[in-house]
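Please look over the sequence and the model shown here before reading the short report below.

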Amino acid sequence: MIWHEINDDIVIALPENFDMNVNLGYLTREKNECMYEIENDTITKIIVIGEIRSLVQISVINKQMVVQFLNNTRPNEKWKREEIVKYMYEWFDLNNDLTPFYEMANADPLLKMPAQKFYGLRVIGIPDLFEALCWGVLGQQINLAFAYSLKKQFVERYGESIDWNGKKYWVFPPYERIAQLTPTDLADIKMTVKKSEYIIGIAKLMASGELSRGKLMKMNFKDAEKNLIKIRGIGPWTANYVLMRCLRFQSAFPIDDVGLINSIKILRNMERKPTKDEILELSLPWENWESYATFYLWRVLY
């Protein structure tokens, strides 16, 4: 991690193949997003490090990411500021050298256009495992706009917030709090009873220590996938979505994803949807970059 401080701001050196505008284009795809706000190419968001809640503004100036603290929420200890840098690296996948991905994509008939058009896009992460799992469950079998509406209701009901400049900024509800609930408590949120049960079940597994990001990160891809699929409410799609966006396994591949299927259909001018076997064949050259290939293909749809 390469960073320094100027006055009270954190300044992070960015890799060559990173383009903030392209990443902001992805982050602004849904106006109902409740975990951050974007205005004038600047992201305002709360970053949680243990008990510390830092409200920050993130922008890119002269190819460097600048993190400014608002509302006197700058942590005093250097290690906590280091954790915020780690969060930024994690969120924007800054440690990843994408050169091999672009070399592969530029030679791939399906990925060439997205790789050139969205050059500099990263797989934007969801560093918090509970948030990633909830988002995966909420998004099952419904359209994206409705999923965002459910997330907003859930966060505003059970999350904490910081007020600044006449607006509220939210922290995702902690699993410890959700583990205490029953599906009846979630009845006002317009999700199915099954989804309420799944989310509370996941929260309980995390509260007991049975499920954690640390434990999953120590596993290889197949074992991590198996462990996630064992959990009630998590099928292969949700598992691979979380493996891709939270646990950063590059070979994660939600092959049954509707967006992925539609993107391939559009790019290949197909009259029908591609079959799973066709997608598997198309994806052979993407080995170890499946998550990036998927993310770039999704981007074509927005």
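The report takes up one pair of packed helices and then two loop residues.

This is a predicted model, in which local features need pLDDT of at least 70 and side-chain atom pairs count only at pLDDT 80 or more, whereas totals for chains, interfaces and linings use all residues. Residues are numbered from 1 along each chain as its sequence is written, and side-chain values use heavy atoms, with hydrogens and water left out.

Helix α10 (residues 221–229) packs against helix α11 (residues 236–245) at an angle of about 130 degrees, and their axes are 9 Å apart. Because of that angle, α10 is oblique to α11 (under 35 degrees counts as roughly parallel, over 145 as roughly antiparallel, 65 to 115 as roughly perpendicular, and the rest as oblique). On the α10 side the contact (heavy atoms within 4.5 Å) is made by Phe221, Ala224, Glu225, Leu228 and Ile229, and on the α11 side by Pro236, Ala239, Asn240, Val242 and Leu243. By class, this contact of α10 with α11 has eight nonpolar, one polar and one charged residues, where Ala, Val, Leu, Ile, Met, Phe, Trp, Tyr, Cys and Pro count as nonpolar, Asp, Glu, Lys and Arg as charged, and the others, Gly among them, as polar.

The table lists two asparagines that have a positive phi although neither is a glycine.

| Residue | Phi | Loop between |
|---|---|---|
| Asparagine 62 | about 50 degrees | β5 (52–61) and β6 (64–69) |
| Asparagine 165 | about 60 degrees | β7 (161–164) and β8 (167–170) |

Asparagine 62 counts as exposed because its relative accessibility is 69% (buried means under 20% relative accessible area, exposed over 50%, partly exposed in between, with a 1.4 Å probe and protein chains only). Asparagine 165, with a relative accessible area of 62%, is exposed.

How values were computed: Axes are lines fitted to C-alpha atoms, for helices over the stretch in contact, and angles run from 0 to 180 degrees between N-to-C directions. Helices (H or I, at least four residues) and strands (E, at least two) are DSSP runs, numbered from the N terminus.
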